[in-house]
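Please look at the sequence and the 3D model below. This short report walks through one part of it.

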Amino acid sequence: MPTPILEKESLIPGKTSKLVLHAPAIASHARPGHFVMLRMSHTGERIPLTIADYDREKGTVAIIFQKVGLSTELLG
């Protein structure tokens, strides 16, 4: 089941981006140092990304990533 993207922000244009995802189950268990595994499709590459921020009340998780390969380019 796809995870909705609530916000998308370019931090360094063409290089680094921030996504805020609606993921209440993940937000409720998130702790410093945790990461999530993302895929752009059911058969896509699994990308481990560190949770940069979370809000348990809103059920959101923020990730920041650098575009370095095909999968992160697609994500961006």
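## Q66 and its surroundings

Q66 is found in strand β5. The model is a predicted one. Leave aside the neighbours of Q66 within four places in sequence, and Q66 is in contact with K15, T16 and T72.

Q66 can also be set against I12. These two residues are 54 residues apart along the chain. Their C-alpha atoms are separated by 9.0 Å.

## The strand that holds Q66

Strand β5 covers residues 60-66. Is this strand enclosed or open to its surroundings? Of its 7 residues, 5 are buried, so β5 is largely enclosed by the rest of the structure.

I64 also lies in β5. I64 is partly exposed: its relative accessible area is 41%. Buried would need a value under 20%, and exposed a value over 50%, so 41% falls in between.

## A nonpolar patch

I64 has a part in a surface patch as well. Together with L11 and I12, I64 makes a nonpolar patch of about 240 Å². I12 is the residue whose C-alpha atom was compared with that of Q66.

## The sheet

How are the strands ordered? An open sheet is formed by 5 strands, in the order β1-β2-β5-β4-β3. The pairing is antiparallel. β1 (5-12) and β3 stand at the edges. Each has a single partner strand, so one side of each is left without a neighbour in the sheet. From one strand to the next, the twist averages 35 degrees.

What holds such strands together? Strands of a sheet pair through backbone hydrogen bonds, and the pairing can be parallel or antiparallel.

## β2 beside β5

Strand β2 spans residues 16-22. It pairs with β5 in the antiparallel sense, over 7 bridges. Two of the facing pairs can be picked out by name. S17 stands opposite F65 in β5, and L19 stands opposite I63 in β5.

S17 is found in β2. Is S17 buried or exposed? S17 is buried, because its relative accessible area of 4% is under the 20% cut-off. Its contacts, not counting residues up to four places away in sequence, are E9, S10, L11, I63, I64, F65 and K67. L11 and I64, both on that list, also help to make the nonpolar patch.

## β4 beside β5

β4 pairs with β5 too. This pairing is antiparallel and runs over 4 bridges. I51 has I63 in β5 as its bridge partner. D55 has T60 in β5 as its bridge partner. I63 therefore appears in two pairings, opposite L19 and as partner of I51.

How many residues lie between β4 and β5 in their hairpin? There are 4 residues between them. One residue in the turn, G59, has a positive phi of about 75 degrees.

## Out to β3

Strand β4 covers residues 47-55, and strand β3 covers residues 35-38. They pair in the antiparallel sense over 4 bridges. M37 stands opposite P48 in β4. β3 is at an edge of the sheet.

Methods:
Residues numbered from 1 in each chain as written. Predicted model: local features only at pLDDT ≥ 70, side-chain atom pairs only at ≥ 80, totals over all residues. Heavy atoms only, no water. Patch = residues over 30% accessible without salt bridge, like charges linked within 9 Å, V, L, I, M, F, W, Y side chains within 5 Å. Areas by Shrake-Rupley, 256 points an atom, 1.4 Å probe, with all protein chains shown as cover. Salt bridge = Lys/Arg side-chain N within 4 Å of Asp/Glu carboxyl O. Buried < 20%, exposed > 50% of the residue type's maximum accessible area, 1.4 Å probe, protein only. Contact = heavy atoms within 4.5 Å. Pairing = 2+ DSSP bridges. Axes fitted to C-alpha atoms, helices over the stretch in contact; angles between N-to-C directions.
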